[in-house]
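The following report describes the fold, the helices and a few selected side chains of one protein chain. It is meant to be read beside the sequence and the coordinates.

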Amino acid sequence: MTKNHIVDTFTLKSGAECKLLGIRNDLIPNYYLLCFPRTLGEPSDIDVTEMLTLGMQHAQKIAFQKLGDREAFSVLYSGYSARREKGWHVHIVLLGNRWRKAWLYSVLAMKNLLQAFGIRKDDAPKLKS
């Protein structure tokens, strides 16, 4: 995979067209995003449920194709106030073993620390504690 690419496209019952993207990331291999169209704003509760279901189904499919294990993945969702960029999406990361899961959490912790300190871009709203 040389750059981010569209793996699949899905049309939700609402008519919204979502894309499953393969993400090129040297720190996190086998990384995918299932994205709701930014032009439609925030999805309805029904769209969210349908996308999470699709995310799980495709995580199982991709994990089996690439690793031979339908359960070798993590699915992550960041709500509006917790995500770095605008646009609703589901993260899918193929793991395979405990070391890869530990590595994923280490990378995510570092990314979030950099955002918290203002060193890395963060579009999330600033909420009062």
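Contact is taken here to mean heavy atoms within 4.5 Å, and helices (H or I, at least four residues) and strands (E, at least two) are DSSP runs numbered from the N terminus. The model is a predicted one, in which local features need pLDDT of at least 70 and side-chain atom pairs count only at pLDDT 80 or more, while totals for chains, interfaces and linings use all residues. Residues are numbered from 1 along each chain as its sequence is written, and side-chain values use heavy atoms, with hydrogens and water left out.

**Overall fold**

The chain holds 2 helices and 5 strands, and from the N terminus on its elements run β-β-β-α-β-β-α. Of its 129 residues, 33% count as buried, where buried means under 20% relative accessible area, exposed means over 50%, and partly exposed lies in between (1.4 Å probe, protein chains only). Among the contacts with a separation of 6 or more, 47% are made by residues 24 or more positions apart.

**The two helices**

The length of each helix can be checked against an expected span, which is 1.5 Å times one less than its number of residues.

| Helix | Residues | Expected span | Distance between end C-alpha atoms |
|---|---|---|---|
| Helix 1 | 45-67 (23 residues) | 33 Å | 32 Å |
| Helix 2 | 98-116 (19 residues) | 27 Å | 27 Å |

In helix 1 the end-to-end distance agrees with the expected span, and the distance in helix 2 agrees as well.

The buried residues of helix 1 are Asp47, Val48, Glu50, Met51, Leu54, Gly55, His58, Ala59, Ile62 and Ala63. What covers them includes strand 1 (5-11), strand 2 (17-23), strand 3 (31-35), strand 4 and strand 5. Just after this helix, Gly68 takes a positive phi of about 75°.

In helix 2, the buried residues are Leu104, Val107 and Gln115. Seen down the helix axis, these buried residues fall within an arc of 75° (the arc of the directions from the axis to the C-beta atoms), so they line one face of helix 2. They pack against strand 4 (73-77) and strand 5 (89-94), whereas Arg98, Trp99 and Ala116 are exposed on the other side of the helix. At the start of helix 2, a side-chain oxygen of Asn97 comes to within 3.0 Å of the backbone nitrogen of Trp99. The helix is followed by Gly118, whose phi is positive, near 80°.

Val107, a residue of helix 2, counts as buried because its relative accessibility is 14%. Leaving aside neighbours within four places in sequence, Val107 is in contact with Leu27 and Ile28. The C-alpha atoms of Val107 and Leu27 are separated by 7.4 Å, although these residues are 80 positions apart along the chain.

**Strands 4 and 5**

Ser74 belongs to strand 4 and, at 11% relative accessibility, counts as buried. Not counting residues up to four places away in sequence, Ser74 touches His91, Ile92, Val93, Leu95 and Leu104. His89, in strand 5, is buried with a relative accessible area of 13%. Its side chain makes a polar contact with the side chain of His91 at 3.3 Å. A polar contact is a pair of N or O atoms within 3.5 Å; within protein, one must be able to donate a hydrogen and the other to accept it, and residues adjacent in sequence count only if both atoms are side-chain atoms.

**Aromatic rings**

Which aromatic residues form a pair, and with what geometry? The structure holds 1 aromatic pair. Tyr77 and Trp88 form this pair, which is tilted, with 5.0 Å centre to centre and 40° between the planes. Rings of Phe, Tyr and Trp (its six-membered ring) pair if their centres lie within 6.5 Å, with planes under 30 degrees apart counted as stacked, over 60 as edge-to-face and the rest as tilted. Tyr77 is in strand 4 and Trp88 in the loop between strand 4 and strand 5, 11 residues apart. Tyr77 counts as partly exposed at 41% relative accessibility, whereas Trp88 counts as buried at 2%.

**A loop residue with positive phi**

Most residues other than glycine have a negative phi. Asn30 has a positive phi of about 55° although it is not a glycine. Asn30 lies in the loop between strand 2 and strand 3 and counts as partly exposed at 23% relative accessibility.
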